[in-house]
Amino acid sequence: NSVFAHVVRAPEDPILGVTVAYNKDPSPIKLNLGVGAYRTEEGKPLVLNVVRKAEQILVNDSSRVKEYLPIVGLADFNKLSAKLIFGADSPAIQENRVTTVQCLSGTGSLRVGAEFLAKHYHQVNGSFIFFILFFLFLRTIYIPQPTWGNHPKIFTIGGLSVKTYSYYDPATRGLNFQGSMYICFLSCYDDFFFGVIGLLDDLSSAPSGAIVLLHACAHNPTGVDPTLEQWEQIRKLMRSKGLLPFFDSAYQGFASGSLDADAQSVRMFVADGGECLVAQSYAKNMGLYGERVGALSIVCKNADVASRVESQLKLVIRPMFSNPPIHGPSIVATILKDSNMYNEWTIELKAMADRIISMRHKLFEALRARGTPGDWSHIIKQIGMFTFTGLNSEQVVFMTKEYHIYMTSDGRISMAGLSTKTVPHLADAIHAAVT
Ligand code: PMP
């Protein structure tokens with residue numbers, strides 16, 4: 001008898017499970033819009049030309065060895081990654097108050113950041129009451145509602161307590177920024193109820209010192225981002241309340257096609273001289289999904305704090321995975337430090353972003369041509385890899401059963417999985433699902 005006989009089968013991951021179901025479907029017209037990975041017009045995975053070139057350079061360099069990297073990873077890669085997200089002229093970098101460590105893609109960077117915060121982030125001013133309060137509000141991170149399904153798990157396992165803040169308004173399929181002033185009559189109480197619940201309200205009532213997870217751009221799963229004016233309001237509010245920003249930057253360059261535009265939110269928070277954390281991933285913007293290449297940067301008040309923070313990050317990483325892989329960051333560093341290769345990358349990156357944006361327009365037009373009931377303008381307003389369609393779980397089940405279209409049950413579709421050829425099929429399915 002197995003000593004593991006009592007182990008119960010775990011449920012499939014809600015996102016990766018979509019692909020499992022898709023793979024089992026024998027239909028020739030099946031369409032996988034679940035997974036968040038770029039596909040070409042032909043529906044094929046893409047390795048960027050500039051990545052192939054960088055790999056060739058690495059292979060031809062006989063001086064390269066496969067020794068372990070240091071605990072914090074490849075030094076060049078870390079420097080170039082900080083420059084990419086904070087900007088080439090970032091004062092925080094020049095003042096040496098940023099520490100960057102290479103981690104296992106975006107997920108690993110968030111995980112290392114979480115564990116570091118759980119161990120070392122104390123908003124204690126020395127007073128006893130503050131100390132008690134600190135334990136009561138134990139290193140809480142506020143994550144948007146909804147958010148990428150892995151966030152709550154990463155932060156909980158990393159040792160933080162997880163709460164949510166309002167983010168998405170299903171009525172407008174846009175940002176729930178101010179909350180909506182609505183009055184409803186509660187017959188059971190014979191009373192009126194005034195409701196104002198929005199992102200700003202929730203962050204205003206978060207306890208001072210709480211950590212707030214922010215999607216730097218292309219919010220997953222909603223595709224809804226704050227405008228620059230709204231970012232500025234969020235920044236002011238967070239700084240005035242002493243809330244600590246933790247940016248998740250998984251789509252830099254992939255949302256708008258511009259690396260700088262997609263880093264604006266992060267740069268606004270760094271420009272005010274305050275502290276923050278940033279988790280970066282090269283999965284999407286360089287197509288390095290399986291290489292697991294990413295970085296965690298912590299912007300500190302001064303160089304001395306930054307170097308002490310780095311020494312503690314090593315203690316988080318060492319027992320977790322000892323040191324990170326060498327191939328992925330070598331590709332990234334080769335591209336980022338050569339101006340020709342860098343330019344080539346930005347062109348290929350923009351082509352991916354543009355193809356996704358063109359799929360948005362094609363799907364929107366196809367629904368309009370069919371006279372599909374409802375307002376579908378959110379398809380062209382939302383940005384990044386995903387559209388949060390507003391389809392409910394029954395409609396999703398219907399589309400899978402009748403049209404062999406696979407997506408997560410919250411109605412999120414990956415625009416990168418669509419092509420000119422498959423848009424009509426999806427539009428037919430959506431039309432049938434809502435009529
Ligand atoms: N954050 C968000 C919002 C994401 O969508 C993803 C990828 N789906 C990640 C982080 C991390 O991805 P990876 O670990 O592959 O870099």
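**Figure 1. The largest nonpolar core of the predicted model.** This core holds 117 residues, of which Val212, Phe247 and Val332 touch the most other members. Helix 13, spanning residues 339–370, supplies the largest share of the core, with nine residues. In soluble globular proteins, nonpolar side chains tend to be buried together.

**Figure 2. Surroundings of phenylalanine 247, a member of the largest nonpolar core.** Once neighbours within four places in sequence are set aside, the contacts of phenylalanine 247 are Leu214, Ala216, Val266, Cys276, Leu277, Val278 and Ala279.

**Figure 3. Pairing of strand 9 with strand 10.** Strand 9 comprises residues 211–215 and strand 10 residues 244–249; the two run parallel and are joined by five bridges. Within this pair, valine 212 lies opposite proline 245 of strand 10. Valine 212 is also among the three core residues that touch the most other members.

**Figure 4. The open sheet of seven strands.** The strands follow the order 2-12-11-10-9-3-4, and their pairing is mixed. Strand 2 (98–104) and strand 4 (161–166) form the edges, each pairing on one side only. From one strand to the next, the twist averages 25°.

**Figure 5. The segment formed by residues 185–189, where pLDDT stays under 50.** For this segment the model has three contacts beyond four places in sequence. Across the protein, by comparison, the average pLDDT is 93, and 92% of the residues score at least 70. For the complex, the predictor gives an ipTM of 0.99 and a pTM of 0.93.

Note on methods:
Residues are numbered from 1 along each chain as its sequence is written. This is a predicted model: local features need pLDDT of at least 70, side-chain atom pairs count only at pLDDT 80 or more; totals for chains, interfaces and linings use all residues. pLDDT is the predictor's confidence in each residue, from 0 to 100. Two residues are in contact if their C-beta atoms, placed from the backbone, lie within 7 Å. Two strands pair if DSSP finds at least two bridges between them. Helices (H or I, at least four residues) and strands (E, at least two) are DSSP runs, numbered from the N terminus. Axes are lines fitted to C-alpha atoms, for helices over the stretch in contact, and angles run from 0 to 180 degrees between N-to-C directions. A nonpolar core is a set of buried Ala, Val, Leu, Ile, Met, Phe, Trp, Tyr and Cys residues joined through C-beta atoms within 7 Å. A residue is buried if 20 or more other C-beta atoms lie within 10 Å of its own, exposed if 12 or fewer, and partly exposed in between; C-beta atoms are placed from the backbone.
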